[in-house]
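I opened this model to look up a few residues, the nonpolar cores and one helix pair. My entries follow in the order I made them.

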Amino acid sequence: MPIDVELVGSLLENDYHLTGRLQPVPTEKDDTFRLRTESTAYLVKVSPPDEAHAVVGLQTAAMRFLEANAPELPVQRVKLTVDGRDNVVIVTDDGRPRVLRVFNFVEGAVWAQTSPDGEQLAKVGEMLGRIDVALEAFAHPADRRGLVWDIRHFHQLTELVEHTPNAEHRQLAEEVFRLFEATIVPRLKDLETQVIHGDYSPYNVVVDQQSDNYVTGVIDFGDTMRSAVIFDPAVALANLLGRTPDQPWRDAFAFVAGYERARPIKDLELPLLPVAAMARLTLRALITNWRAERVPERRDYLLAHAKDDWTNVGRAMDVPLADVLAQLRNPVTS
């Protein structure tokens, strides 16, 4: 049930001394608002009732850790209450607490709204590499949370294939599962792990085409968790596969070239990266089909969006993995 807007406004005034116009922002899970005061804009998030307080605390702690230890990184900032807290707990009528937090509003276009060239994609990749390096020393009691989007669990989700109506799509998914089982599963215990952003996607990176840095903001730490570090760039690559049909890995190569400026990828990790990227893209398509079954009124909308994912998985799979690895070892940004 959506949070009461008047309650949110009252809490902002009492605990943050902030008043202004609250405008709802569509999101998948949270109740989110843009707050416009006379001088500044903020983003206000109220966690969903089923999200544990400790998990919200993990997200906030990671952002505050980066602010304190790598202040040069353009990570979204958490605003404290007037008495120094980083959130306000709301006890709802059903007794389940929800957490209200306030962040600075990062102005600008998100990466998804632009058409970056190779060097700009490299800068997007470099920023994630810098974040991963900075987060290496971070730990939190809730960082081992379970999350369906964590790529390390991909091989345990084969039942999702049953919810995919298209036979060609099922075959594609089964091929990716086989590849993942053969290449990544035997290596899972050997991979370096740490807390990662977890959802470094084109909608969570704010950019400025006129800026030399290109990346001006990194937002939404909602999928932060402890996992294999190599899975962090894999999430971004999943969003880049197949976008240029004749060269389906081109954008991914540019991203990796930039990522390695900040965090060189180990010899053990590199062969797993393209497989993890295809697994993440496949997982998104599978979950979309699963949701379409459960929310029939949105079925057409959801499946229309998943169609591109399957197309891009197919394009990526058409390139021999040996060729992809050769290019990853010698990436170009032109």
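**Entry 1: T244**

I looked up T244 and found it buried, because its relative accessible area is 12% and the cut-off for buried is under 20%. The model is a predicted one. I located T244 in the loop that runs between α5 (231-238) and α6 (250-262). I then checked the side chain of T244 and noted that one of its polar atoms lies 2.5 Å from the backbone oxygen of Q247. Setting aside neighbours within four places in sequence, I list R250 and D251 as contacts of T244.

**Entry 2: nonpolar cores**

I looked up the largest nonpolar core and recorded 82 residues, with W111, I131, Y200 and F255 having the most contacts inside it. Helix α7 (residues 273-294) supplies the largest share of this core, 11 residues. I also noted a second, separate core of 16 residues, with V8, L11, L35 and L100 among them.

I followed up on Y200. Not counting residues up to four places away in sequence, Y200 touches W111, V124, M127, L128, I131, V205, V218, V235, A236 and F255.

**Entry 3: α2 and α3**

How do helices α2 and α3 lie relative to each other? I found that the axes of α2 (residues 53-69) and α3 (residues 118-135) come within 10 Å and cross at roughly 100°. The range for roughly perpendicular is 65 to 115 degrees, so I entered α2 and α3 as roughly perpendicular to each other. On the α2 side I listed A62, F65 and L66, which meet I131, A134 and L135 in α3. I classed the residues of this contact as six nonpolar, no polar and no charged. I131 had already come up in the entry on cores, as one of the residues with the most contacts inside the largest one.

**Entry 4: loop residues**

I looked up E38 in the loop between β2 (31-36) and β3 (41-46). E38 is exposed because its relative accessible area is 86%, and the cut-off for exposed is over 50%. I also took the C-alpha to C-alpha distance from E38 to G84, which is 22 Å for a separation of 46 residues in sequence.

I then turned to backbone angles. H17 is not a glycine, yet its phi is positive, near 55°. I placed H17 in the loop between α1 (5-16) and β1 (21-25), and I entered it as exposed at a relative accessible area of 60%.

D220 is not a glycine either, and its phi is positive at about 60°. D220 sits in the loop between β10 (215-218) and β11 (225-228). I entered D220 as partly exposed, with 30% relative accessibility.

Conventions:
Residues are numbered from 1 along each chain as its sequence is written. This is a predicted model: local features need pLDDT of at least 70, side-chain atom pairs count only at pLDDT 80 or more; totals for chains, interfaces and linings use all residues. Side-chain values use heavy atoms; hydrogens and water are left out. Helices (H or I, at least four residues) and strands (E, at least two) are DSSP runs, numbered from the N terminus. Buried means under 20% relative accessible area, exposed over 50%, partly exposed in between (1.4 Å probe, protein chains only). A polar contact is a pair of N or O atoms within 3.5 Å; within protein, one must be able to donate a hydrogen and the other to accept it, and residues adjacent in sequence count only if both atoms are side-chain atoms. Contact means heavy atoms within 4.5 Å. A nonpolar core is a set of buried Ala, Val, Leu, Ile, Met, Phe, Trp, Tyr and Cys residues joined through side-chain atoms within 4.5 Å. Axes are lines fitted to C-alpha atoms, for helices over the stretch in contact, and angles run from 0 to 180 degrees between N-to-C directions. Angles under 35 degrees count as roughly parallel, over 145 as roughly antiparallel, 65 to 115 as roughly perpendicular and the rest as oblique. Ala, Val, Leu, Ile, Met, Phe, Trp, Tyr, Cys and Pro count as nonpolar, Asp, Glu, Lys and Arg as charged, and the others, Gly among them, as polar.
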